Amino acid sequence: MFDKVLIANRGEIALRIIRSCRDLGVRTVAVYSTPDADAQFVKAADEAVHIGPGAPARSYLNIPNIIGAAVRTGAEAIHPGYGFLSEDPYFAEICADDGITFIGPPADVMENVGDKATARRLMTAAGLPLLPGTVEPVDSVDAAVAVAAEIGYPVIIKAVAGGGGRGITVVHDPKDLRDAYTATRASAQAVFKNSAVYMERYLRKTRHIEVQVVCDDFGGAVHLGERDCSVQRRHQKLIEESPSAMVSPELRHRLGEAAVAGARAVGYRGAGTVEFLLEAGDEAFWFMEMNARIQVEHPVTELVTGVDLVSEQLRVASGSPLSFKQEDIEIRGHAIECRINAEDPARGFVPTPGLLEEYRVPGGPWVRVDTDYVAGSRVSPYYDSMIGKLIVWGPDRDTCIDRALRALSEFDVRGPGVHTTVPMHQEILRHPEFRGGDIATDFLGRHFSL
């Protein structure tokens, strides 16, 4: 195991990683920007290094400053968390060049799964089913028109280098395709520095199901069940749960087998997620993408399996084999995660940064809140608006929903101009279709005026 790990991230995930490191007896180094000087993760780490001002490009994305902090403090490894540099193969290469272990998959694997066209090609070869569409990028408007005519409308145009719900356009009418194709390429170039896009058939009512996998360097590859992430706004997740209300034990087995086959096909190491689309009411599934990082929603998997995924990342990266086998994984009960964002749903989820004059989080049995905020913290406009994650467990889904509603009612978040997604989560969890498990990616659009 490592002696010292630097965490190249901030907020709740930095604190989450520090806690697992402490459980394993690993010392930690936090890096922080000027606005984060008083953050909880900075106080919790054994050492802390200032790496720049608030703008991410000058701090949490500043590779020379982060590598310099690791070298100066003697950190043997860097955990990137999620977001920022977590899926940057160039950063992983720089770490290797400086003799620092990147806690994640090898750079070439990250490059392959980060390029959606390459990932789709590799997954097809591994036997994973793909929606009708293109494997290779669509390189002209005329080609896009021909593809759409062949697979039928609606179609979805996706950036090859996309992620996080960005670089995606759904086209319902042929007259909109040319403008949508051009706009998506331009957006992809601006955001991801890669204008390539691919196309596939768009399913109107789908479930977004993802399977957690963990792999080591000794041929070990295990899946830890699925998460249902269908409650989304603009392709960004709001609520995640495990297991999915619509996945049968037989389907779970097939999804897990496919996810492990896909992870093996790309030579994966560490914790990753293979994402699938399922059409509501059907047990067929299609590969969507693979995420080469720990994910925001990993705690729901931890609660139903009892596995500390971050600790397992650390063990695997330090050269140890997985501490469990597939037959050791048992899904127990049900877990739900609600992302508590400083946003105003009534105004299109616009971020509402500001001072948290009051910040009191729920507690009680089987309630976990991952957050880096306390009363008196300030939500910065520089970063993601998520201020915490409420994760609850219950022996069954109904109990879990009831417990989540009780916990949400205990949240007390107040500050000038600060709104949160807490009231929206309460509405969603009380909705009879959610309670009945009848959810799909269009759930919010069908039931809420957004």
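The second largest cavity of this predicted model is lined by I103, G104, P105, R269, G270, A271, Q313, V316 and A317. Its volume is about 40 Å³. Two secondary structure elements, β12 (270-279) and α11 (309-317), each supply at least two residues of this lining. The largest contribution comes from α11, which gives 3 residues. By residue class, the lining of the second largest cavity holds 5 nonpolar, 3 polar and 1 charged. Isoleucine, proline, alanine and valine count as nonpolar, so I103, P105, A271, V316 and A317 make up the nonpolar group. Arginine counts as charged, so R269 is the charged residue of this lining. Glycine counts as polar, so G104 and G270 join Q313 in the polar group.

The largest cavity has a volume of about 50 Å³. Its lining consists of 13 residues. Those nearest the centre of the largest cavity are P80, I103, R293, I294 and Q313. This lining divides into 7 nonpolar residues, 5 polar residues and 1 charged residue. Two domains take part: domain 1 (4-103) and domain 3 (206-447) each provide at least three residues of the lining.

The two linings can also be read together. I103 and Q313 appear in the lining of the largest cavity and again in that of the second largest cavity. Across the whole structure, the search finds 2 cavities of 30 Å³ or more.

Key. Residues numbered from 1 in each chain as written. Predicted model: local features only at pLDDT ≥ 70, side-chain atom pairs only at ≥ 80, totals over all residues. Heavy atoms only, no water. 1 Å grid on protein atoms, 1.4 Å probe; cavity = no way out; pocket = protein on both sides within 12 Å on 5 of 7 lines; lining within 4 Å. Points joined across faces, edges and corners; volume = space filled by probe spheres on them. Domains from an automatic or database assignment. Helix = DSSP H or I, 4+ residues; strand = E, 2+ residues; numbered from the N terminus.
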